[in-house]
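Q: Hey, got a minute to walk me through a structure? I'd like to go one topic at a time.

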Amino acid sequence: MVAVQVIVGGLLLGAIYALFSSGLTLIWGMMNFINFAHGEFVMLGMYVALLVVVYIGGGPAIFGIAAAVALAVLGIAIYFSLIRHVIRGPMLAQILSTFGLALLLRYTAFWIFSANFVSLPANALSGTVSLAGVYLPVAQLVAGIVAIVLTIGLHLLLTRTAVGSKLLAVAEDRTAAMLMGIRPDRMQALAWGLSAGAAGIAGALMAIAYPWSPSVGETFVLIAFVVVALGGFGSVLGSLYAGLITGLIQAVSAFWLGAIYKDIVVYGLFVALLWLRPQGLMGKA
Amino acid sequence: MKSSFPPYLRIVLLAAALLAFPLVFTGAFYRDIGVTFLLAAISASAWNIVGGYAGQVSVGHSMFFGVGAYAPLLLYTLFGWPPIAGIPLGIAIAIALAIVIGMPTFRLTGHYFSMATIAVAELIRIFVGTWDFVGAAIGLQGPARARGWWDLTFRSELPYYYIFLAVLGIVLATTAFIERRRFGFYLRAVKASERAARSLGVSVRRTKLQALALSAAFTSVAGSLYAAKTGFIDPDSGFGILVSVQMLIVAALGGAGMLFGPLLGAAILIPLQTATNTWFGGGGSGLTYILYGGIIVLIARFEPGGLLELWHRIRPRWSRRAHAA
């Protein structure tokens, strides 16, 4: 029974990994660009949730949406002020831009919120539920399920709607899309909004169930790299499977090897993937 | 207007200024800044070989630095060997690491290399923190008192200053030598366009791998010097991400891919860092990194070539104006 509990717990955390990693993979698929500040977007989503709960009040639905909107706005602002200008520049500028941004956001958060761990005050989702003998915190269960639904929603948005087709058209061929009357700049800004928004709401979901500090962003961006490498660069559905697998591997290795080894196992998996299948486990060769 | 004195004279003047610095500023405070400046310049110059010249942006160079810092203190702890004996071991492990990371990622675009470097550096940092053999989270210590000059443990800053200056000279001379050789042209060709370089017969992957191995070796030496100077190393000061950040920002601010770029970057950032830490006390280090993040973003957005390139661009305009006047 303990084993089942560990596995379910891992999958539920993995669902949140899947949600924020789908944001990273979307940007990679759209513009061949890696956002090193993506983990910091998740971290900011957590603090937005906290600030909303403390100063405005309201349930998970309110602060979840608030985190998504706040981060989406930030993502679009960052696209227009920074990313648009470096995207066709040298590799150094591309990597430095979001790497510097990550430092800026992380240490500003340290400065404002201090390095202490915090968690959301008790809310409607506190308490545990028993399902067939497996005890789970309600918060974890709800956060995990919502994350899966949102990730599938993002996948459907990209594959089944007109906006999604436009996004994919720009990803496929910028010039051709422009000739079809699509504005690539707007579509890329939208992709940044969606990507950061997904990270923000994933942060809010994570905040319901787990405590955090400003340093979590660094861990999350590396986990997102692992998930994206596993699921194939650019595939939202791939990152859903890969997120669940990563959460599972982390939970299992934390349980059987010890908590300090969980990140070592996951990062080791990333290096192994780069050697063996750089296109991703589910990616095309 | 052509410069009034030839380039080699400028280098002689620069060398003379660096040699004279600790003799003019004899206070321990200034000498300490001098030593910190040299160490930052060495590691950033080492980073520059692969990050600047070859255009492969490593964000995890701390792994090479940490290996170089741990190796001497590990040999001292295990066998009582002088720390200097660990330098070749550090270089060997750093080159092995470079190959492990470079082999798979250099087949792909530059983003994969950047992601792999940060992931491996973090992997090693966490792993070393759990490994009792290398002191786990507490780290390792060097000789408390020198048994002879070969322990590289001095009371005064002066010997460190001149040892570091000599190593900086070696790193810069090697880089300058490479710049003029075929290998230097290969590096710049790879940076400008991999496809074009490949079509002209440059073995792109091998060139990048060689640049990374050389860069890793020099970075490892910088780590060994750091360990010899402080006599102490732990996972964060060896493998922490901020170690990589410092190399990156020093090189990028001064001018990545330019011989004296890292030197200029270190000359600006190290006094700045000392100042923020002094003004804001212990809490200053947080503000220092907010500032670093901001500077990195601004470089990326406005001046990816760094200050040296900016200087080369605006100087002709100035001298033309001076001519007209």
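A: Sure, what follows is a chat about contacts, empty spaces and charge pairs in a predicted model.

Q: Cool. How many residues does each chain put into the contact?

A: Chain A brings 41 residues and chain B brings 43 residues.

Q: And how much area do chain A and chain B bury between them?

A: About 3800 Å², with 83% of it on carbon and sulfur atoms. On the chain A side, L92(A), Y107(A) and W275(A) supply 16% of the area that chain A buries against chain B, more than any other three residues.

Q: How many salt bridges does the rule find across the interface of chain A and chain B?

A: The rule finds 0 salt bridges there. There are 5 residue pairs in polar contact between chain A and chain B, counting pairs with both residues at pLDDT 80 or more.

Q: Which helices of chain A each supply at least two residues to the side that touches chain B?

A: Those are α3 (60–86), α4 (91–113), α9 (216–231) and α11 (262–276) of chain A. The largest share comes from α4(A), with 16 residues.

Q: What does that side of chain A look like by class?

A: You get 30 nonpolar, 8 polar and 3 charged residues on the side of chain A that touches chain B.

Q: New topic: empty space. How does one even find it?

A: You roll a probe the size of a water molecule over the atoms, and that shows where empty space is left.

Q: OK, so how much space lies in the second largest pocket?

A: About 920 Å³. The pocket is lined by 34 residues, and the closest to its centre are I87(A), P90(A), M91(A), Q94(A) and K191(B).

Q: Which elements give two or more residues to that pocket's lining?

A: From chain A they are α1 (2–31), α4 and α6 (162–172), and from chain B they are α2 (28–53), α5 (110–130), α7 (182–192) and α8 (194–199). By class, the lining of the second largest pocket has 15 nonpolar, 13 polar and 6 charged residues.

Q: What about cavities: how many of 30 Å³ or more does the structure hold?

A: It holds 3 of them. The largest cavity has a volume of about 60 Å³, and the second largest cavity has about 50 Å³.

Q: Which residues line the largest cavity?

A: From chain A: F36(A), F99(A), A102(A), L103(A), R106(A), E218(A) and V221(A). Chain B adds I118(B) and I241(B). α4(A) gives the most to this lining, with 4 residues. By class, the lining of the largest cavity has 7 nonpolar, no polar and 2 charged residues.

Q: And which residues line the second largest cavity?

A: They are P72(B), P83(B), I84(B), I87(B), L152(B), S224(B), L225(B), A227(B) and A228(B). Helix α9 (residues 204–230) of chain B gives the largest share of that lining, 4 residues.

Q: Back to charges. How many salt bridges does the structure hold over all chains?

A: There are 10 salt bridges over all chains. In one of them, E40(A) pairs with R106(A), and the closest N and O atoms are 2.9 Å apart.

Q: Why does the pair E40(A) and R106(A) tie together parts that are 66 residues apart in sequence?

A: Because E40(A) lies in helix α2 (residues 38–55) of chain A, while R106(A) lies in helix α4 of chain A. R106(A) is also among the residues that line the largest cavity.

Methods:
Residues numbered from 1 in each chain as written. Chains lettered and ligands numbered in written order. Predicted model: local features only at pLDDT ≥ 70, side-chain atom pairs only at ≥ 80, totals over all residues. Heavy atoms only, no water. Contact = heavy atoms within 4.5 Å. Buried area = accessible area lost by both parts, 1.4 Å probe. Salt bridge = Lys/Arg side-chain N within 4 Å of Asp/Glu carboxyl O. Polar contact = N/O pair within 3.5 Å; in protein donor to acceptor, adjacent residues only side chain to side chain. Nonpolar A, V, L, I, M, F, W, Y, C, P; charged D, E, K, R; others polar. 1 Å grid on protein atoms, 1.4 Å probe; cavity = no way out; pocket = protein on both sides within 12 Å on 5 of 7 lines; lining within 4 Å. Points joined across faces, edges and corners; volume = space filled by probe spheres on them.
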